[in-house]
Amino acid sequence: MTFDLSTVTLVLVIYVTMIFGVAIITNRGWIPDAIVNNPIIYILSLGVFASTWAYYGIVDLAFQYGYSALTYYIGTAALFVFAPVTLTPIAQLVRRFKIPSVADLLVFRYHSQAVGSLVTLCMLVSLLPLLAMQIQAVSESLAILTLNSKSFAKLTSYNISFEMMVAMVYCLLLCVFCLLFGATRDRHRGLVMAMAMESLIKVCALMAIGLVALFQVFGGLSGLDQWLLDNPNQHQLLYESLNDSSAHTLLLVFIATSLALPHIFQSSVVEVPLARSMRIVSWAFPLFLLFMALPIFPILWAGFELSVPLPVQYYTLGVPLLLDSPWLTLLALVGGLSAATGAMVSITLASSVMVLNHWLLPLSRLGSQRDLRRRLVWLRQATICAIFGVGFLFYLLVGGQHSLMELALVTFIETLQFFPAIISVTYWSRANRIGLIAGLSVGSAIWFLLLFLPMMLNINQLAVPYWGVITVGIDGWNNITLCSLGLNMVAFIVVSLLTQQNAEEQYSASLCTENELTHPVRVILDVHSCEEIKERLSKSLGATLAEIQVNRAVEELGFSLSERRPYCLRRIRNRLETNLSSMMGRSVANELVDRHLPYRLPDQTSNTDINLIESRLHRYRDRLSGMAAELDNLRLYHRNTLQELPLAICSLGRDLEVIMWNRAMEALTGIESATIAGSHLSDLPTPWRELITAFSQGDEAHRQSVLVRVQGRECYFSLHKSTLHSPTSTGEDDGQVILLEDITELKHLEHELAHSERLASIGRLAAGVAHEIGNPVTGIACLAQNLKYEVDSPDALESAQQILSQTDRISRIVHSLVSFSHAGNHGGDSFHPVALYDCVAEAVSLLSLQKDNIQVDYCNLVGPSVQVFADDQKLIQVFVNLLSNARDASQDGDKVLIEAHEQDTEVEIWVTDQGSGIDKAHLDQIVEPFFTTKEPGKGTGLGLAMVYSIIDQHQGTIRVESPINKESQTGTRFIISLPTGLEFLQADDLQAGTAD
């Protein structure tokens with residue numbers, strides 16, 4: 001059965017058009033997001049892993065290595081089955097820092113441009129055989145279909161110009177596809193959908209060929225069993241392969257290939273939607289590989305049964321040809337095209353990212369570009385064209401001299417050299433760039449000299465001085481693989497242990513191993529605002545792009561453009577580096593950001609970034625288990641204890657960065673922890689900046705009664721601090737913890753107590769003075785009394801009468817002072833019927849002695865017969881305080897009315913003034929101790945509290961009405977209700993009667 005060239009060309013055009021169409025309609029949004037974002041699409045897109053190697057070459061591998069060929073699927077499936085350990089940590093790292101390629105991952109971890117350049121070089125050289133394999137498979141497949149079936153045995157006599165033409169046209173078509181759908185990094189939706197469609201086609205084609213081979217060639221499973229019994233040599237080959245290579249080496253190679261190949265890394269790590277797909281991928285992709293593996297041996301055995309006159313690697317295409325099934329043959333061709341197309345496109349795009357990021361951009365000077373993004377797209381387009389061109393040239397150089405399996409193995413063995421470096425990213429923080437360069441250089445040199453170069457030159461043996469003749473090239477791949485990998489790992493480990501990491505490498509290592517209990521160093525960023533970051537970046541990115549990138553980073557982190565906290569500025573800087581990495585690669589972004597926003601390590605050692613550790617633990621808390629979870633719970637318990645402690649506490653790092661700011665400190669200062677944590681003390685507002693900074697830098701551990709003016713109010717604070725020591729064995733100081741105690745109320749209480757003591761002293765002095773005045777006044781009164789009887793002059797008698805009147809007034813005043821000074825000293829037996837009029841009059845008399853105050857008219861409207869059962873001296877104190885407050889609230893000449901209204905068992909006493917009234921906001925506070933609205937020094941805030949206490953002792957009540965005059969909003973009335981004493985008198989009479 002033969003096909004016309006026009007038919008094959010039509011199939012090729014239809015297939016390529018379909019792929020273009022799928023990509024276009026996906027990018028235009030014509031396919032619903034529910035389909036595009038479905039995990040199944042992502043799983044199918046991973047099928048780029050199954051290139052023409054898995055479609056054609058794997059049959060040859062099964063022929064030569066028997067069951068060992070299954071290591072290809074077992075190794076890949078194992079990587080995904082154990083994805084939580086193998087892929088997830090790296091995928092999380094890649095997603096968080098937007099790392100676009102395996103070379104950028106290693107640059108990020110080892111913080112070295114040299115690492116990126118070396119990895120890109122080694123990876124490109126290793127991918128050349130893989131690219132040539134895809135082109136060779138397509139060109140030879142098309143050539144096979146267009147030849148007469150009788151000429152199958154003369155495959156080596158194909159018209160080379162025809163194959164070259166097919167290969168060139170195929171490369172041009174794929175190059176155009178990549179330029180349209182892969183040159184920009186924001187149009188991958190269509191590319192992913194196209195790759196998923198290709199994977200679906202090739203797995204369906206391979207399964208269809210396998211089923212036809214099983215049922216049409218052998219008649220089913222029973223027929224296949226019988227054929228194997230009839231051909232024991234084929235059954236024996238499953239266990240004893242034509243080559244004696246170790247299956248363990250193949251397994252190791254295929255495991256590494258599943259992670260290290262750039263296009264596989266791109267699909268399985270960079271593009272992975274972690275939140276929804278990783279758990280599904282861990283079982284769904286191995287299931288996909290199972291469907292790919294099932295038809296391999298039936299196709300191989302069907303080829304032997306049909307005696308297909310083609311190399312074993314093309315049995316997938318030869319079996320349908322020999323069965324004269326045109327539709328199945330064309331389906332097999334399309335499946336091969338799908339396998340080659342997916343691999344070529346993904347390899348080229350992944351390689352272009354590495355070349356652009358680690359070769360072109362580092363060599364170009366990034367100045368103030370108007371459209372840097374457009375320049376990057378142009379550079380990537382040129383890189384894509386160059387990679388297709390180099391791949392095509394290498395295909396011409398190889399010239400079909402090697403099988404697909406040989407070309408694939410050469411690539412896979414070199415990618416194995418990257419495996420130690422990739423695994424150490426998340427699992428060995430001690431590794432460094434010098435060790436990686438040493439190990440990769442040794443392993444790649446052995447691969448190049450003993451495998452790649454001999455294969456190119458068709459050399460099978462090499463004479464080595466002092467060693468003898470050794471097998472090189474593809475025939476000695478097993479020993480070369482083990483030797484190169486072994487020396488690679490030895491050099492990597494030994495050199496890493498013998499050399500030191502630099503500070504940037506240590507910081508990157510701590511970021512990559514966040515699941516470990518590491519202590520990242522708190523670095524210092526010498527910028528103080530987002531505007532300063534924009535200004536610095538604009539020197540390379542231009543003002544417009546710098547502003548776009550800074551605004552984007554601030555928005556993603558949920559910060560403000562006015563942010564000045566060091567911790568937040570460090571996070572903005574890191575996010576900028578991450579975002580720029582997705583645009584220009586990790587090494588260029590890292591170099592650009594380091595140049596304009598460099599980190600600086602503190603002068604002291606062991607400066608741990610507590611804020612970073614807290615953010616890590618918070619992010620990974622759900623994944624902690626066992627002892628780690630218990631330690632985290634203990635940490636949260638102690639942290640909550642400090643947070644809820646009713647004492648204002650803050651902790652500072654050695655560089656005076658605020659580490660913790662508890663809730664009591666928030667309430668005291670009015671500064672929220674979310675806005676201050678991670679700030680430097682110099683960023684605190686006044687007066688807290690001056691207060692805490694001066695104390696933290698001072699020598700004393702305690703400072704008492706510090707006067708601070710807070711919002712115009714004088715406050716007193718006591719400060720205490722203690723030094724925090726490093727958790728390491730060095731014992732160095734690692735910061736401070738400061739306790740801030742508000743003692744303002746205590747200070748006021750001390751002042752009031754001192755004032756009360758002064759008043760008590762004055763009272764005792766007044767009593768003594770009154771006693772001393774009483775003696776001479778009595779003598780004067782006696783002399784004046786005698787004068788009345790000794791003289792007859794009317795003038796002298798009038799003078800004597802006036803003297804007696806004044807001495808009597810003096811005696812009353814002295815008696816009132818002595819009585820008032822003794823108030824509160826009586827026991828419960830001092831309660832007796834008291835005339836309210838007399839108490840009010842006594843209080844008015846005392847207040848009348850103060851001539852330097854506002855003069856008001858006290859109107860005593862209490863009836864002379866109104867009595868209550870009370871302590872008269874305490875009632876006088878009540879009226880003195882109420883009338884004094886009424887006078888202070890009034891103007892000169894105002895009236896203060898004192899009225900009494902008798903009811904059944906109580907008397908209501910009204911004290912009404914015409915003053916300014918009391919603010920409604922203060923009505924509930926006026927009886928609280930030390931509350932006063934008077935100016936400092938003119939009121940203690942204890943008067944009304946004492947009034948409330950006295951009235952309560954008398955089983956009475958007091959309430960306030962203010963304002964009295966609703967129109968002018970003036971006037972205040974205190975209403976006191978006191979019992980008349982009738983129930984007390986009845987109780988006394990009852991007790992007396994019982995006693996009788």
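In this predicted model, the count of aromatic pairs comes to 24. One of them joins Tyr55 and Tyr56, whose rings meet edge-to-face, with 5.0 Å centre to centre and 80 degrees between the planes. The planes are over 60 degrees apart, and the pair therefore counts as edge-to-face. Tyr55 and Tyr56 are both buried. Ring pairs also link Trp53, Tyr72, Tyr73, Phe254 and Phe412 into a cluster.

Aromatic rings also take part in two arrangements with lysine, set out below.

| Lysine | Ring beneath | Distance from the ring centre |
|---|---|---|
| Lys721 | Phe695 | 5.1 Å |
| Lys747 | Tyr716 | 5.8 Å |

In each case the lysine lies over the face of the ring, Lys721 over Phe695 and Lys747 over Tyr716.

**Nonpolar cores**

The largest nonpolar core holds 208 residues, and Trp53, Phe177, Ile572 and Met584 touch the most other members. Helix α9, residues 113-146, gives the most to this core, with 17 residues. Trp53 thus appears in two settings, as a member of the ring cluster and among the residues of the largest core that touch the most other members. For Ile572, the contacts beyond its neighbours within four places in sequence are Cys530, Ile533, Ala553, Val554, Leu557 and Phe559. Apart from the largest core lies another, of 35 residues, which includes Val844, Val868, Ala870 and Ile950.

**Helix α1**

Helix α1 covers residues 5-27; at 1.5 Å a residue its 23 residues should span 33 Å, and the end C-alpha atoms are 33 Å apart, so the two values agree. Its buried residues are Val8, Val11, Leu12, Tyr15, Val16, Ile19, Phe20, Val22, Ala23 and Thr26. An α-helix has 3.6 residues a turn, so residues three or four places apart point the same way. Val8, Val11, Leu12 and Tyr15 are among the buried positions of α1. After α1 comes Gly29, whose phi is positive, near 80 degrees.

**Phe418**

Phe418 lies in the loop between α21 (404-415) and α22 (419-427). Is Phe418 buried or exposed? Its relative accessibility is 1%, and Phe418 therefore counts as buried, the cut-off for buried being under 20%. Leaving aside neighbours within four places in sequence, Phe418 is in contact with Val119, Cys122, Met123, Ala260 and Leu440. Ala260 is 158 residues from Phe418 along the chain, yet the C-alpha atoms of the two are separated by 6.3 Å.

Terms used:
Residues are numbered from 1 along each chain as its sequence is written. This is a predicted model: local features need pLDDT of at least 70, side-chain atom pairs count only at pLDDT 80 or more; totals for chains, interfaces and linings use all residues. Side-chain values use heavy atoms; hydrogens and water are left out. Rings of Phe, Tyr and Trp (its six-membered ring) pair if their centres lie within 6.5 Å; planes under 30 degrees apart count as stacked, over 60 as edge-to-face and the rest as tilted. Buried means under 20% relative accessible area, exposed over 50%, partly exposed in between (1.4 Å probe, protein chains only). A charge sits over a ring if NZ of Lys or CZ of Arg is within 6 Å of the ring centre and within 35 degrees of the ring normal. A nonpolar core is a set of buried Ala, Val, Leu, Ile, Met, Phe, Trp, Tyr and Cys residues joined through side-chain atoms within 4.5 Å. Helices (H or I, at least four residues) and strands (E, at least two) are DSSP runs, numbered from the N terminus. Contact means heavy atoms within 4.5 Å. The expected span of a helix is 1.5 Å times one less than its number of residues.
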